[in-house]
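This briefing is meant for a reader who is meeting the structure for the first time. Please look over the sequence and the model below before turning to the points that follow.

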Amino acid sequence: EMSEMSERSKQNVAHGLAWSFYVGYLKIVLPRMKKSMEEFSRANPNLPVCRKTWKLHILVPLSCDTYDDLEKADSNIQYVTELTETTLARAGIKKRVYKHSLYAITDEENQLWHCAVEYATPLQTLYAMSQDECAAFSREERLEQAKLFYRTLEEILRGSKECADTYRLIAYEEPEEAETHFLSREIVWHLRQEHHEEISVLEQSHPPRPSTALDSAELNLQISVSDLPQPLHTDGF
């Protein structure tokens, strides 16, 4: 009975997608990120080095609307190259390849920032479900699931020792009116934060967070406890 109630309310969708994303992908690639970035840095000594940005920057648009080509999403985001790929045998697939794209992000002062960035791919599933009549997934439910996906993934990664300091989740709500360079500004803000974090080790200073950025504390206010996936118990039945 509890299982049927959970399925009807779709409480397990985002929770399952977050765990699948972590176990099937992030747990594999994140521990190798710093090595890949270090290899790229050695091969390109002319580019500025900020070790705090040697992470995988994971975009989490709460609209679940993603672009296959980031350059089409924002012209200030330009593809540079592929980082060193990881090849593993996985679930019967010989030599399965995992790799990340490195981009150059131009800020409002025409300064270039280099980072590995990509969307959280499970958001494409949530978006597709909201477009498919068979899933009966409303736009409102999609938004709540996106928030829950972010919170669940953040909690999972926070508890993962092997993934510590190898990622940055960038959750955001797109403005109602289209802004040409909204995405690049959002990414650059996080890159600057990471740069400041590196400097703050010496200066012991932390810049304030602008109101446009989203974090789990804000998302907590938007999701009630009843919206979270509940464990299935048979005690007392």
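The side chains of His100 and Glu118 are joined by a polar contact of 3.2 Å, and this pair offers a way into a model that is predicted. His100 is found in the loop between β4 (93–98) and β5 (101–106), while Glu118 stands opposite Ile58 within the pairing of β6 with its neighbour. In overall make-up, the protein has eight helices and seven strands, and 42% of its 237 residues count as buried.

**The surroundings of His100**

- With a relative accessible area of 4%, His100 is buried, because the cut-off for that class is under 20%.
- Leaving aside residues up to four places away in sequence, His100 touches Tyr25, Val29, Met33, Leu56, Thr81, Glu82, Leu83 and Glu118, so that the list includes Glu118, the partner in the polar contact.

**The five-stranded sheet**

- Five strands make up an open sheet in the order β2-β5-β6-β1-β7, and the pairing within this sheet is mixed.
- The edge strands are β2 (77–82) and β7 (167–172), each of which pairs on one side only, and from one strand to the next the twist averages 40°.
- Strand β1 (residues 56–61) pairs with strand β6 (residues 112–119) in the parallel sense, over four bridges, and here Ile58 stands opposite Glu118 in β6.
- Helix α6 (residues 139–158) lies across β1 and β7, and runs at about 165° to β7.

**The hairpin of β3 and β4**

- Strand β3 (residues 86–90) pairs with β4 in the antiparallel sense over four bridges, and in this pairing Thr87 stands opposite Val97 in β4.
- The two strands β3 and β4 form a hairpin with two residues between them, and Ala91 in the turn has a positive phi of about 50°.

**Aromatic residues**

- The structure holds six aromatic pairs, and among them is the stacked pair of Phe21 and Tyr25, at 5.6 Å centre to centre with 25° between the planes.
- Phe21 and Tyr25 are separated by about one helical turn, because they are four residues apart in helix α2 (residues 12–29).
- Both residues of this pair count as buried, Phe21 at 5% relative accessibility and Tyr25 at 17%.
- Phe21 and Tyr25 also belong to one aromatic cluster together with Tyr98 and Phe149, and Tyr25 is one of the residues that His100 touches.

**Confidence and long-range contacts**

- The mean pLDDT of the protein is 82, and 77% of its residues reach 70 or more.
- Among the elements of the protein, β1 has the highest mean pLDDT (97), whereas helix α1 (residues 2–9) has the lowest (46).
- Over residues 1–8 the pLDDT is below 50, and this stretch has five contacts in the model beyond near neighbours in sequence.
- Over residues 223–237 the pLDDT likewise stays under 50, and for these residues the model has 20 contacts beyond four places in sequence.
- Among contacts in the protein between residues at least 6 apart in sequence, 70% join residues that are at least 24 apart.

Technical notes: Residues numbered from 1 in each chain as written. Predicted model: local features only at pLDDT ≥ 70, side-chain atom pairs only at ≥ 80, totals over all residues. Heavy atoms only, no water. Pairing = 2+ DSSP bridges. Axes fitted to C-alpha atoms, helices over the stretch in contact; angles between N-to-C directions. Contact = heavy atoms within 4.5 Å. Phe/Tyr/Trp six-rings, centres within 6.5 Å; stacked < 30°, edge-to-face > 60°. Buried < 20%, exposed > 50% of the residue type's maximum accessible area, 1.4 Å probe, protein only. Polar contact = N/O pair within 3.5 Å; in protein donor to acceptor, adjacent residues only side chain to side chain. pLDDT = per-residue confidence, 0-100.
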